[in-house]
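Thanks for sharing this one. Here are a few notes to read alongside the structure.

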Amino acid sequence: MPARRPTADAASSDAPATSSVGRLAATVERLRSEVRAAQAEAEGRALVELAKGILVERLGCGPAQAARQLAELTEQAQMTPLEFAVEVINQAARDRVAEVTQAFLSAAADPTGTVTESAAVRLRAAESGVLAAAQDTQAMADSLLEHALRPLGAVAVAIWAAAPDGSLSLAGSAGFPPGEAARWRYVPPDVATVARRGLTEPDGQWLPSLAESGLPTLGRREYADGARIALPAGTGGRIHGVLEIAWPKPEAPLPRPVLRQVEALAELCAHTLETFVPPSGTAPEPGLLPDVVELMDLADGLHDPALVLVPHLDDTGQLVDFRIQHVNSRFLDPAGRPRAVVGGALLLEAYPMAAGDSELFQRVERVYATGEPFRARRMRLTALVDQVPLSAVADISISRHGSSVLLIWRIEDETARLASLLQHAQRLGRIGGFEENLLTGEITWNGQLFSLYGRPPTSPPVALQDLPAHAHPDDSVTLRRFLRTLLHHRRPASAAFRLLRPDGVTRHTRVVAEPVLDTDGQLFGVRGAYQDISAQHWTEVALAATRDQLAHTEQQAVERNRLALQLQHAIMPPAQAPLRVPDLQVAVRYRPAETEHLVGGDWYDAVVLPSGLVLLCVGDVAGHGIEAATSMVVLRNALRGLAVTGAGPAQLLSWLNIVAHHLTGAVTATAVCGLYDGERRTLRWARAGHLPPVLVREADATALPPVKGLLLGAVPEARYEETELQLAAGDTLLMYTDGLIERRDRSVEESLSHLLDTARAAPNTLDQQLDRLLTYSRSDTDDDTCIVGIRVV
């Protein structure tokens, strides 16, 4: 879980180190110390093993005896094993490093030689690291900086390889931002830089302050005020390159013994540069994408503190932190730390409290993962310095650019924040303030008031006494009453009027003012504000017009629904006279929608045709209102007229589809059409996108297998299938619209299953059965419902 930042109360009673974030910071520092100690031990072990090898060769003994001899000699010399191992190596090697150590010993003021031995250890450790790096000049630069140069106060190192044409290539660097390394990968011939001065000067080039020299070089922005040294790196009388070292601040020239150490390091570099192959062109540094370099340039051009962050992954490729790749020159740390302390560190190492309540780290993670930028005002930034949390309030901006993240913060200035808040409030409220000295005539307006009056800021302000001359004539009485209350009665006053601007625009305005009295109670000034209320005025006018329009529309809707309902009931009354057909009972039911404005297009019909066949049909026109009701009337009457032709159900629906398609408004509808032959007790039926009829036979109820048929009006021409059903005495057939079964929370299959369960319990008469279906219907869509039922007797 993310660490939580202690609250103000907790911070006053508990030590910061006891907080979860404090413990996290202490753990990070302890682990880093352990890692450094383990690395130093591993690097020193290589020198000890080398000394053992020398003793094996000189004494002609085995490794175990050599180890014992080394331990005994170390104890006798009262030195550490590492220091004595370096002494053995120096005695055996008699090389440049040994000469440097001896020269330093002669010049050292300390007779114990402690400083000399430390320098010797550093040089031999650096040499061991260089040998381990082999041809890897980048690893060589890292080793030189870590083992030999940081103890001398240096913060960065660059190793340049010289080409025959006089150009320089950056072979390796450490301590500089990667973006700098990418920009300085290649230096053409005859370009004056610090490294070229070191190449051309026999004894190298020492610069107490880089800024004073004016020479361009690697890391000029980060260490602009620091000292630089550039020494030629050569061996066997041949120069292979340049060793350049940077310090963070101006320095006096190096003492001669220290300079001899640096020269020895340059010679170590030369051995590796002998086989170095300079890259062609200006290829970017491996591992540093071009978008990161561009983002660093962008950050340097910002006026706010900015950090460029790159993802830091573990061995499994999982994101665990972000590396602070670059810090711009405007950087301002909440704890007052310099850029060099923060640059290059992990975000949670530099700011462990970012994982606390501020959720800054989680925000950076989200932006990196999604690419969606994040902006926040007044976020608290907390830095933990010596277990003491130091906080500041800042505006935060986080954005992803390619593979890196740009984090910008602006430390809040309370005075500027309040002034900005007031300015934005006046702008959003369209308010302009004024103050007028009645004794001197001096008038002060803010910028918003000039904009409200439509006057340039260079024009003189309008005195309050002259306000009626800038208002609509009809508002003069109101303004004079306002001025009398304010200036004569000396009481706060307000008034609403129409301001006539020089550009011909009229603005509805409210003025509010109060008198300013001196210590004797005499009036000497007024102050107040104008507010543009034009939007409010026209909104009120629009609302009044809208209310009138809504009332008229509502009256029209009521009348429209009443007509639709009357039309529907006139064509298809809820109860119909029973149909007299031999050996057949016919019953219909129609239940209108409970809400009048939902008058729909459901329809039914049961009529005996001249041929003696019985036409049975139900249908549903899509939609509600007068259009659906009139469309229903057209389709119902059209089907009645078409049925007298003697055509079958499929043909009738095909013709009805043509009628629906050519109706105004692109009407669509569903329908089931059947023709019952009483002599044969058969029903021929077809459907157009409608639910199939239900057959109740004895104690079972089933839905008839559906036949193909597109809904009416969808296409100009459609063909429909029909089928024939043989009925027997006692059979009941039900046709219905979806208003009987449709539910918002159930599928059609579930609703149909409930209908079949209800239909199985058939009462004695057909009318009772239809009433039962309406009673136990679970429909909740408040739609019209039609049912046509026949029972063979």
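**Notes on the predicted model**

1. A good place to begin is one pair in a sheet: Phe-434 has Trp-445, in S13, as its bridge partner. The two strands involved, S12 (residues 431-437) and S13, pair in the antiparallel sense over three bridges.

2. Now for the whole sheet. It is open and built from five strands, in the order S13-S12-S16-S15-S14, with antiparallel pairing. S13 (443-445) and S14 (493-500) stand at the edges with a single partner strand each, so one side of each has no neighbour in the sheet. On average, neighbouring strands are turned by 20° against each other, direction ignored.

3. What packs on this sheet? Helix H18 (residues 476-488) does, touching S14, S15 (506-517) and S16 (523-532). The direction of H18 makes about 145° with that of S14.

4. Elsewhere, helices H7 (residues 137-149) and H11 (residues 256-273) pack with their axes 11 Å apart, at an angle of about 165°. That is over 145 degrees, so H7 and H11 are roughly antiparallel to each other. The crossing is right-handed.

5. In that helix pair, Thr-137, Met-140, Leu-144, Ala-148 and Leu-149 of H7 meet Leu-265, Cys-269, Thr-272 and Leu-273 of H11. By class, the contact has seven nonpolar residues, two polar ones and no charged ones.

6. A friendly word on confidence, as this is a predicted model. The protein chain has a mean pLDDT of 78, with 76% of its residues at 70 or more. pLDDT stays under 50 over residues 103-117 and also over residues 280-288. Where pLDDT is low, the predicted coordinates should not be read in detail.

Note on methods
Residues are numbered from 1 along each chain as its sequence is written. This is a predicted model: local features need pLDDT of at least 70, side-chain atom pairs count only at pLDDT 80 or more; totals for chains, interfaces and linings use all residues. Side-chain values use heavy atoms; hydrogens and water are left out. pLDDT is the predictor's confidence in each residue, from 0 to 100. Contact means heavy atoms within 4.5 Å. Axes are lines fitted to C-alpha atoms, for helices over the stretch in contact, and angles run from 0 to 180 degrees between N-to-C directions. Helices (H or I, at least four residues) and strands (E, at least two) are DSSP runs, numbered from the N terminus. Angles under 35 degrees count as roughly parallel, over 145 as roughly antiparallel, 65 to 115 as roughly perpendicular and the rest as oblique. A crossing is left-handed if the near helix is turned anticlockwise from the far one by less than a right angle, and right-handed if clockwise. Ala, Val, Leu, Ile, Met, Phe, Trp, Tyr, Cys and Pro count as nonpolar, Asp, Glu, Lys and Arg as charged, and the others, Gly among them, as polar. Two strands pair if DSSP finds at least two bridges between them.
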